[in-house]
Amino acid sequence: MRDSGFHPFKGRVSRHFGETLGPDAAYLSYFDIRLMKEDIDTLKNDWLTDNSISFWEEYLEREYLNQYKNAHIVLLRPSMSFMLMQTPDPHTLKEALPNFSRTTHIFLPINDCRNPSIAEGGSHWSLLLVSVVDGVAFHYDSLNPANRNEAGLAARKIGQLLGRQLQFIDLADSPQQENSSDCGVFVCIQMRHLLLRKLLMAHAKEKVSMSMGGKSVDATQGRKEMLRIIEGFRKEGERRRSSSASPSQSHKHSSQKPSRSPPRIE
């Protein structure tokens, strides 16, 4: 499933005066995700935007999940998780959602935004992991129990789509954040750990504990790592764009302003 472009809760914007790029400037195109300067600013020290989390999911898919051809794991984008929670009959979204007929697990970023007309309506992220094969929905909330109702609603909607009732487990031992802005980073770091260290490392028919008990999350280092990954792709995109330009094109445009399109990775 790709990001639909619908971003109901962009998160708080951190604006720094004197920067070359404005918050609405495109920063990096990574396959189906276009990161804006706003996304980078919030990733540094504020609430993560839904676009930043969409990038992280795209990154996990492209760089890791695609290597496991027999894995049938879906990373649902925040916009689709939100639409799923807001739609009275989830079956009306079937054409927009992935085909879950062979899916074993579904990751859903959960936001507490209730009003899609408010651009910055959400204030908290948590993570829902649905084990389709076990009929269980695990909820990881770094400010437990802040998003319990929203996660429970998402679990019921997914259960309707799957044609079965899911057991909802709110994991009380989930790592807890120490401030009011790290929830999105917790979602990203825990999603990677559960995907790479738990699900993709499990042997066939092996029972794997989905608990995050005892696992610490260093949000500061998580932010730095995510920014480092983005900057690496941005430099690679700039290198590709530079190497693809012919000498004549470079000379022709040497006196013009740089292209306003962002570096692209695909």
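Is Phe-31 buried, partly exposed or exposed?

**View 1. Phe-31 in the loop between strand 1 and strand 2.** In this predicted model, Phe-31 is partly exposed, its relative accessible area being 23%, which falls between the limit of under 20% for buried residues and that of over 50% for exposed ones. The loop that holds Phe-31 joins strand 1 (26-30) and strand 2 (33-36), and the phi of Phe-31 is near 50°, a positive value in a residue other than glycine. Most residues other than glycine have a negative phi.

**View 2. The open sheet of five strands.** The strands follow the order 3-4-5-6-7 with mixed pairing, and the edges are formed by strand 3 (73-75) and strand 7 (167-170), each of which pairs on one side only. From one strand to the next, the twist averages 20°. Strand 5 (residues 125-131) and strand 6 (residues 136-140) run antiparallel and are joined by five bridges, with Ser-131 standing opposite Val-136 of strand 6.

**View 3. Helix 3 and helix 5 against the strands.** Helix 3 (residues 78-86) packs on the sheet, where it touches strand 4 (105-111) and strand 5, and its direction makes about 80° with that of strand 4. Helix 5 lies across strand 3, strand 4, strand 5 and strand 6, and runs at about 25° to strand 5. Because 16 of its 17 residues are buried, helix 5 is largely enclosed by the rest of the structure.

**View 4. The cis peptide bond from Asn-144 to Pro-145.** The omega of this bond is near 10°, and Pro-145 lies in the loop between strand 6 and helix 4 (148-162).

Key: Residues numbered from 1 in each chain as written. Predicted model: local features only at pLDDT ≥ 70, side-chain atom pairs only at ≥ 80, totals over all residues. Heavy atoms only, no water. Buried < 20%, exposed > 50% of the residue type's maximum accessible area, 1.4 Å probe, protein only. Helix = DSSP H or I, 4+ residues; strand = E, 2+ residues; numbered from the N terminus. Pairing = 2+ DSSP bridges. Axes fitted to C-alpha atoms, helices over the stretch in contact; angles between N-to-C directions. Contact = heavy atoms within 4.5 Å.
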